[in-house]
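Welcome! Take a look at the model below, and then we can explore it together through a few questions and answers.

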Amino acid sequence: MIDRTKNEEFEKILEMIDITKPAPAEEPQRQYYFIAKAREYVAEKVREAGRPLTFCVTTFGCQMNARDSEKLTGILEQIGYQEEADEEKADFVIYNTCTVRENANQRVYGRIGQLNRVKRQNPHMLVGLCGCMMQETAVVEKLKKSYRFVDLIFGTHNIYKFAELIVTRMESERMVIDIWKDTDKIVEDLPSERKFSFKSGVNIMFGCNNFCSYCIVPYVRGRERSRSPKDIIREIEELVSDGVVEIMLLGQNVNSYGKTLDVPMSFAELLQEIEKIEGLERIRFMTSHPKDLSDELIEVMGNSKKICKHLHLPFQSGSTRILDQMNRRYTKEHYLGLVDKIRAAVPDISLTTDIIVGFPGETEEDFLETLDVVRKVRYDSAFTFIYSKRTGTPAAAMEEQTPEAVVKDRFNRLLSEVQKISSEVCSVYANTVQGVLVEGVNDHDGSLMTGRMSNNLLVHFPGDESLIGKIIDVELKECKGFYYIGEMVKK
């Protein structure tokens, strides 16, 4: 869903570009130049093929990757490709990869291998790989050796250069690899194609400075760097003018926003400025690190009319000893104290979390501490993970790796407890009327619409597509564990 006004402005810029001259050095003008140049190459390929060329962007991983994929999609559409849902039919396939867990890497390798056969049958096909997985040296070396048919490899720091890299590939007809170790560069005002007309993710910062001992993200996403509040506000205002009513503020740790700005601004202060934007109805954000969750932020959440009643606050382990080994920089008691403060300020808040089972050295006593936090906090839902050993992280070198059978037993016990509590917590809204942002037709029943409450719970109810993008009142008739069946309240 591209902003029409912005697209018209962009077209005017491209019309003024002379691609026979050298490329500008400044951004984003340099990328406008390469978009214009890539258009010429794609138009020539379209003539050769005698049909439109198509693309498929496949996203692995988090909301940050999903937002990056919208930028990739925006560039591909600007240079002349048309979207295609089936990657085996597409002429340009790009995988935006994740590397948080080992199985994510294996999934990508399997998918790439399947494309080799498809590419041999399609002379116009290009294959691109980007994202966190590409920041690992061993991955790139494996691709160079065993997947020579891949055309384009780049990482997390230079996604804005996508059009330039496409031109490089089309001019050289060889594998193009462009991986940066880190960057402090943020390039604004490039094309982006939104998945939804009524809601959008908005990056407020990039990178991470936390270095949790199990996590590879700081190594592949780089150091923290915050966007200027002026650029963030301008982007949200443009989104709202194009019909967006809900935004999700994105960062690896949004609570530490603003520390790298020339004039520091806290995340709480940014939220207060965003709340002033007329027409914006809902504000979400993730992810929040407990060590940076300030009293100021809790107060702003308590006073806000637009911030959704939902906070994702990962605790990872209930054992203070394990938290210290994880380099999380808070204790079990500090975390529980934060929960008390949040619930005092926002009594009806929905809390969700991340939990890791089987961290090196985790004892049964440590695991019982985790269960204790789950029982005391009573989360609406929790993402539960078995510890994944990531080469290059401090935890990978720890000697006391927990036996697999023990980890699986603990994981199953945790999952059972989380699901039991979640079903109890979520059912408290039965027979109440809640505002629901209608997101689309139900995937399993075309007579139902699906929407999301402020607290992030899903609601399914009878309706039609005219409701999509609107916030309507729904009476919640029946709780089905993690979602509700409801009926629209007629005014």
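Q: Over which ring does the charged end of lysine 199 sit?
A: This is a predicted model. In it, the charged end of lysine 199 lies 4.7 Å from the centre of the ring it sits over. That ring belongs to phenylalanine 196.

Q: How far is the charged end of lysine 142 from the centre of the ring of tyrosine 109?
A: Here is another lysine placed over an aromatic ring: lysine 142 has its charged end over tyrosine 109. The distance to the ring centre is 3.9 Å.

Q: Which helix gives the most residues to the largest nonpolar core?
A: This core has 69 residues, and Ile236, Ile247, Leu249, Phe267 and Ile274 touch the most other members. With 6 residues, the top contributor among helices is α14 (residues 404-426).

Q: Between which domains does this core lie?
A: Look at where its residues come from: both domain 2 and domain 3 supply some. The core therefore lies between domain 2 (196-308) and domain 3 (310-426).

Q: Is the pair of tyrosine 330 and tyrosine 335 stacked, edge-to-face or tilted?
A: The ring centres are 6.2 Å apart, and the planes meet at 35°. Stacked needs planes under 30 degrees apart, and edge-to-face needs over 60. The angle falls in neither range, so the pair is tilted.

Q: How many residues apart are phenylalanine 92 and phenylalanine 162?
A: Their rings form an edge-to-face pair, with 6.0 Å between centres and 75° between planes. Phenylalanine 92 is in strand β3, while phenylalanine 162 is in helix α6. Along the chain they are 70 residues apart.

Conventions
Residues are numbered from 1 along each chain as its sequence is written. This is a predicted model: local features need pLDDT of at least 70, side-chain atom pairs count only at pLDDT 80 or more; totals for chains, interfaces and linings use all residues. Side-chain values use heavy atoms; hydrogens and water are left out. A nonpolar core is a set of buried Ala, Val, Leu, Ile, Met, Phe, Trp, Tyr and Cys residues joined through side-chain atoms within 4.5 Å. Buried means under 20% relative accessible area, exposed over 50%, partly exposed in between (1.4 Å probe, protein chains only). Helices (H or I, at least four residues) and strands (E, at least two) are DSSP runs, numbered from the N terminus. Domain bounds come from an automatic or database domain assignment. Rings of Phe, Tyr and Trp (its six-membered ring) pair if their centres lie within 6.5 Å; planes under 30 degrees apart count as stacked, over 60 as edge-to-face and the rest as tilted. A charge sits over a ring if NZ of Lys or CZ of Arg is within 6 Å of the ring centre and within 35 degrees of the ring normal.
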